[in-house]
Amino acid sequence: MSGQPAPALKISSLTKTYDNGFEALKGIDLEVAEGAFFALLGPNGAGKSTTIGIVASLVSKSGGKVWIHGIDIDENFPLAKKQIGIVPQEFNFNIFEKVEDILLNQAGYYGMPRAEAKVQAEHYLKKLGLYEKRNTTARMLSGGMKRRLMIARALIHSPKLLILDEPTAGVDIEMRRSMYDFLKEINKAGTTIILTTHYLEEAEALCRDIAIINHGAIVTNRSIKSLLRDLNREVFMLDSSDTLPDPLTLEGFTFTRIDDNSLEVEIERGQDLSEVFSQLRTQGVSVVSMRNSANRLEQMFVNLLEESA
Amino acid sequence: MSAYEQYIAFMTILRKEIRRFTRIWTQTLLPSAITISLYYMIFGNLIGSRIGEMDGISYMQFVVPGLIMMSIVTNSYSNVVSSFFGAKFNHSIEELQVSPIPNYIILWGYVSGGIARGLLVAIIVTLVSLFFTRLEVNNYLLVVAVVAMTSVLFALCGFINAVFANSFDDISIVPTFVLTPLIYLGGVFYSLDLLPDFWAGLSKANPLVYVVNAFRYGVLGISDVDIRISLSMIGGFTVIAYLFSLHLLRSGKRLRS
C-alpha cells in the first residue's frame, strides 16, 4: 500500500439492521479511488441512502468498517468528516434562514473563520448561480436553486470527497446540464465524487466507475466501460424515409415493425449491425436515422437486478 | 478540531440562536414583559395590597424575585426546546451531525442560546418590575450565580425535551403540564411556611422551590430553604441534566437512524 494514496472511500463488511428488524445492508464491500467519479445505483430501498447515511454519520452502522481517505470513522470520525461533503436527497436546511447565512453557518460548524467563510461562500454562490439570491430566505428559492444551495453548502469547507444523493431530482434539463458541467469541473480539479441517481444516462454521462446495489448487497462494482462491454443484446430503432416493404425480412435478426417508416432490431453480441443495413438495402430501404431504443446502461441495470433477485 | 475551531463552531451556533430569537422578538421577548406586568398589576397591586405582608415584607416585593425567575425558567427552556426540535423537524440538525463539531460544543451552543434569551428576558422583566416596586439586591454575586445556574439547568431540560419530542405537541406538553404547575407550586406566590407540614415537605421534591428561594434570598435575603441546600440542589440537577444530554447526543438515539 505504501506510496499509493488511500482510497477516497473504503467500506468493508458494512451491515445495517434497523430497529424494526429490516436488514438494509448485508455486509457490503466497496472501494472508491481518489479522484474517481463514481455512481452508486440501485432501485428504491436497495441500501444506497443507508450507505451514504452511515458515511455521513446520519445513520449508525450495525457492523463493518468505513475508511474515508484512510481514516477509520470508528477511530477519528471528526477528522474523517472534514474530508467529506454531503448533498442529501431531501432538503435539510432551515428554510427561514438566508442563503448566505446557511453557507456561513455550515463553514462555522467546520471551524472556518468568518472572513474566510465569506470568501468561500461568495465563490460557490457565484459558481452555482445563486449570488443574486444570497440575501433571500431559502424558502423563496426554486427546487433547482435549493438543490444547488445544498451543493454549495457541501463544498464550503473544500472537502476531498463529495457525495451526492440524487442531486438532479426535480431539476430541469438546462439546470441539470449546468450542474453536470460544474460537477465535471470540480472532479477534474481533484474532488472525488460519488453520486446516486435514478437517471442512468446521468451515470453514463458523468461517471467512470459504477457499483450496483440491490437488497443490501453489491451486485457489481466496475468501470462503466467494462460493464457495457458485457451487454449481450442491444435494441436499435431504425427510421426510413420510404415506406417499409410488406413483408419485410431480416434473416438472423429479431425485429419489430413499429410503423410504416420505422422498426426496432435486436442485435445479439457477435452479430454485425452492417448486415442489417445490407439486408434492408437489398429490399430498397434506406435508413435515415438510428438510435438505441433503450438506454444501454438501463438494460444492463435491469439485467443485473433480475440476476440478483 | 482545534480549540480555536471549536470556539468558532460554538460562536456560530450561539450567533444563530441569538439571531433567531431576536428576529421573532414579538414571540420571544415581548410576551414575558406583558405577562409579568399583568402579574404585577393583579397579584402585586390589586390582590397584594389586601394580602399585606409575607415573611415580613410587602407582598409585591415578595413575588418579584419569583416572577423574574419564572421568566428565566420558561424562556431558557422554551428557546432550546423550540429551536432544537425545529432543527430536528426540518432536518437542519443534519448540518451539525455531518460536521466535525464535538457533541459538547453542540450542547453548549444551544444551551448558551437559551441562557442568552433567559438573561435578556430577566433584564426586561427586572426593568418592568422597577415601575411597580423598589428593588434592593441583598447579594449581587448570589443573584448572578443563581440566574446563570438556573438558565443552564432549564436550557438543558429544554434540550432533553426536544430530543425526545416527536411532534410540536410534545414540546408544549412538558411546559404546560409539568413546568407551569411546578413553577406555581414552587413558592413564587407564597411562602412554604403557609403550607401544612405534609405539603411543605412534598414541595421540597420540586426543583423550582430551590430555584425561587435561592433567587429570593439573593434579592431579599429571605428564603424558605437553606441557601446551601438550594445551591447544591440546583447544581446537582444541572450536572445530571448535562450528563444525560451528552449521553443522548453521543448515543444518537432519536437523532440518528
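In the predicted model, His215(A) is partly exposed, because 17 other C-beta atoms lie within 10 Å of its own, whereas a buried residue would need 20 or more. This histidine is found in the loop between β9 and β10 of chain A, two strands that form a hairpin with two residues between them. Within that turn, His215(A) takes a positive phi of about 50°. With respect to the start of the chain, the C-alpha atoms of His215(A) and Ala8(A) are separated by 24 Å, the two residues being 207 residues apart along the chain.

The strand that leads into this turn, β9(A), has six of its six residues buried, and it is therefore largely enclosed by the rest of the structure. Its side chains are divided between two directions, with Asp209(A), Ala211(A) and Ile213(A) pointing one way and Ile210(A), Ile212(A) and Asn214(A) pointing the other way, and all of these residues are buried. On the hairpin side, β9(A) pairs with β10(A) in the antiparallel sense over six bridges, and among the bridge partners is Ser223(A) in β10(A), which is matched with Asp209(A). With strand β3 of chain A (residues 37–41), by contrast, β9(A) (residues 209–214) pairs in the parallel sense, over four bridges. Here Leu40(A) has Ala211(A) as its bridge partner, while Leu41(A) is partnered by Ile212(A).

These pairings belong to an open sheet of six strands in chain A, in which the order is β6-β7-β8-β3-β9-β10 and the pairing is mixed. The edges are occupied by β6 (84–87) and β10 (217–223) of chain A, each of which has a single partner strand, so that one side of each is left without a neighbour in the sheet. From one strand to the next, the twist averages 15°. Helix α1 of chain A (residues 48–55) packs on this sheet and touches β3, β6, β7 (161–165), β8 (192–196) and β9 of chain A, its direction making about 145° with that of β7(A). Helix α5 of chain A (residues 143–155) also packs on the sheet, where it touches β6 and β7 of chain A, and its direction makes about 165° with that of β6(A).

Taken as a whole, chain A contains 10 helices and 14 strands, and its C-alpha atoms fill a box of roughly 75 × 45 × 45 Å along the principal axes. Of the 309 residues in chain A, 39% are buried. Among the contacts in chain A with a separation of 6 or more, 69% are accounted for by residues 24 or more positions apart.

The contact between the two chains takes 25 residues from chain A and 21 residues from chain B. On the side of chain A that touches chain B, the elements giving two or more residues are α2 (77–82) and α3 (99–109) of chain A, and α3(A) gives the most, with four residues. By class, this side of chain A has 13 nonpolar, nine polar and three charged residues.

In chain B, helix α4 (residues 59–89) and helix α7 (residues 140–164) have axes that come within 7 Å and cross at roughly 35°, and the crossing of α4(B) and α7(B) is right-handed. The residues that α4(B) brings to this contact include Met69(B), Ile72(B), Val73(B), Val80(B), Val81(B), Phe84(B) and Phe85(B), and those of α7(B) include Val147(B), Phe154(B), Ala155(B), Cys157(B), Phe159(B) and Ala162(B). Also part of the contact are Ser76(B), Ser78(B), Asn79(B) and Lys88(B) from α4(B), together with Thr150(B), Ser151(B), Gly158(B) and Asn161(B) from α7(B). Overall, the residues of the contact of α4(B) with α7(B) divide into 14 nonpolar, seven polar and one charged.

The length of α4(B) agrees with that expected of a helix, because its 31 residues should span 45 Å at 1.5 Å a residue and its end C-alpha atoms are 44 Å apart. Since 26 of the 31 residues of α4(B) are buried, this helix is largely enclosed by the rest of the structure. Just after α4(B), His91(B) takes a positive phi of about 65°.

Notes. Residues are numbered from 1 along each chain as its sequence is written. Chains are lettered from A and ligands numbered from 1 in the order in which they are written. This is a predicted model: local features need pLDDT of at least 70, side-chain atom pairs count only at pLDDT 80 or more; totals for chains, interfaces and linings use all residues. Axes are lines fitted to C-alpha atoms, for helices over the stretch in contact, and angles run from 0 to 180 degrees between N-to-C directions. A crossing is left-handed if the near helix is turned anticlockwise from the far one by less than a right angle, and right-handed if clockwise. Two residues are in contact if their C-beta atoms, placed from the backbone, lie within 7 Å. Ala, Val, Leu, Ile, Met, Phe, Trp, Tyr, Cys and Pro count as nonpolar, Asp, Glu, Lys and Arg as charged, and the others, Gly among them, as polar. The expected span of a helix is 1.5 Å times one less than its number of residues. A residue is buried if 20 or more other C-beta atoms lie within 10 Å of its own, exposed if 12 or fewer, and partly exposed in between; C-beta atoms are placed from the backbone. Two strands pair if DSSP finds at least two bridges between them.
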